[in-house]
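Reader: Before I use the words attached to this model at the bench, I would like to see how each of them was earned.

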Amino acid sequence: MYCIQYQDEIIVIDVGLKFPDDDMLGIDLVIPDATYLVENQDKVKAIFLTHGHEDHIGGLPYVLKQIKAPIYGAALTIGLVKAKLEEHGLLSDQQLNVINDDSIISFEHLSVAFFRTNHSIPDSFGLAVTTPQGVIVQTGDFKFDFTPFGKPSDMAKMAQIGKRGVLALLSDSTNSEKEGFTPSEKIVGDSIRELFLRCEGRILFATFASNVHRLQQVVEAAILCNRKLAVIGRSMEKVFLIGQDLGYIRVPEGMIIDIRDVNKYAADKVVIICTGSQGEPNAALTRIAHGSHRLVEVNPGDTIIYSASPIPGNAKNVYRSIDLLFRAGADVIHGSILDIHASGHGCQEDLKLMLNLMKPKYFIPIHGEHRMLVQHTRLAEQLGVQTQNIFILNIGNVLQVTRDKAQLGANVASGNVFVEGRVVSKVDTGILDQRRKLSKSGLLIVVTTINKNNNQILSGPNIVSRGFVYVRDSGELMRTAERLALRTVGRMIEHKEGTIEDWKERLSAELTTFFFERTEREPMIMPVFMEVST
Ligand SMILES: [Zn+2]
Ligand SMILES: [Zn+2]
């Protein structure tokens, strides 16, 4: 989420979400902190969306519960947002506006124009925001594809914007470490076609549901080979509906068949297109690989195509599925074997081309890990942007830019907000710590019953283990721990030290040390005192 503010006007660019890191146990989604916008609601004029990927629109349902603003985006982007808001019951009071190549949206001080780019989803646009101090360009996610599947990127308009002068450029850094140009979607199309022509059995094709052009290439390859098409996976089915509705996916009448009817067709007459290219635990292909899909099982002779490269962090899951599919006798084609995927993000030459077209005075690399941002700054320096005019920003940083100066201002409230099921809350590292401990070493509950009237211990302390060492094999360890607990509590009661809360704290500390010394593990310790009056 980026904001451009001039005096009392704020426009927001993209409201995305992140998927949690491995150590964020129990967290479903991570969304941006909108506190600054809530505090300045009266200044927020609009939200602009560069394209329809989750990391650019996924946070909307949560942020729109906190702020109100009209939304602007291209047709497919708005189509996807509509479906998303409908799911969250937010559609009725939200103003959605479709923009195109020629739109200009003007406010009192700011005005926004759009230039078409190529990316792994159609209808991706960069923004040129005219301010009284100069033009700020935000590229969105992009690559330059000279033989794209859909419309080409509008280089003439980019050159025009650059020629008029760009004060600051914010540009996608995802592939800044990779040399050359990003391969064209056409190469992928050719590979898909060749592969389909070669396959004699059933084909299962997995890719990102949002990669609408890729889906259309699959449709066309299937037509060429006289195969019917079955679509599985919730997000894939949704995109097929929205895509066909808006004319981005064109499928001949009668070509799509119900997945339940797949077995009525010969193996070489079917393509199953599915989610799960990232090994996501609940996605269709993952279930199929694990033999737990309700309707589809993999057979010897099937060819499974992964048309996506695993996002770092997902690789292990992807390769686990691939192994299982091979074990089931299928053939698996994935990115490292053939050109069946091309990234939607520009490599170094694409990024240089953008820098050359825009010739910005100030440069801010965005969208990438820190090392990618650093690499992108080096490219900018090579092309003549002055080192002191380049800024790597962290979440919450404010860059104050005027015609002749740029400097960091005071930070605004920022950070990650966690979504767990229906609960949305600010980061509480304490809770995450507890979960990590629990998942690593389990839980020990220490139950002590005391007489409320005279604080005599009536029974216990007894230790109950959940997920810690196998109790039957460690009776001695547990008994020693219980004796230690009894001594600790007994002493505090005898000397009338502190309250029950203090006893709990002391008990936790003593037992944590004890178990760490004996087992080198740190189970979570939960002391419970039951008070009874006799
Ligand atoms: Zn994207
Ligand atoms: Zn992105």
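Author: The questions below take up the two metal sites and one pocket in turn.

Author: This is a predicted model, in which local features need pLDDT of at least 70 and side-chain atom pairs count only at pLDDT 80 or more, whereas totals for chains, interfaces and linings use all residues. Residues are numbered from 1 along each chain as written, chains are lettered from A and ligands numbered from 1 in the order written, and side-chain values use heavy atoms, without hydrogens and water.

Reader: What makes H51, H53, H119 and D141 the protein donors of the zinc ion (ligand 1)?

Author: A donor is an N, O or S atom within 2.8 Å of the metal (3.2 Å for Na, K and Ca), and sites may look incomplete because water is not among the atoms. H51 (NE2), H53 (ND1), H119 (NE2) and D141 (OD) lie 2.1 to 2.4 Å from the zinc ion (ligand 1), so they meet that limit.

Reader: Why is the site of the zinc ion (ligand 1) called irregular?

Author: Four donors are tetrahedral if all angles lie between 85 and 135 degrees; four are square planar and six octahedral if opposite donors are over 155 degrees apart and all others between 65 and 115; anything else is irregular. The angles among the four donor atoms of the zinc ion (ligand 1) run from 90 to 165 degrees, and the site is classed as irregular. H53 lies in the loop between β4 (44-48) and α2 (54-57) and H119 in the loop between β8 (111-117) and β9 (124-131), so this pair ties together parts 66 residues apart in sequence. Helices (H or I, at least four residues) and strands (E, at least two) are DSSP runs, numbered from the N terminus.

Reader: Which residue bridges the two zinc ions?

Author: D141 does, and the zinc ions (ligand 1 and ligand 2) lie 3.4 Å apart. The zinc ion (ligand 2) is coordinated at 2.1 Å by D55 (OD), H56 (NE2), D141 (OD) and H367 (NE2).

Reader: How do you know whether H56 is buried or exposed?

Author: Buried means under 20% relative accessible area, exposed over 50%, and partly exposed in between (1.4 Å probe, protein chains only). H56 has 5%, so it is buried, whereas H367, at 25%, counts as partly exposed.

Reader: Why is the second largest pocket said to lie between domain 1 and domain 2?

Author: Domain 1 (2-180 + 343-426) and domain 2 (185-333), whose bounds come from an automatic or database assignment, both give residues to the lining, so the pocket lies between them.
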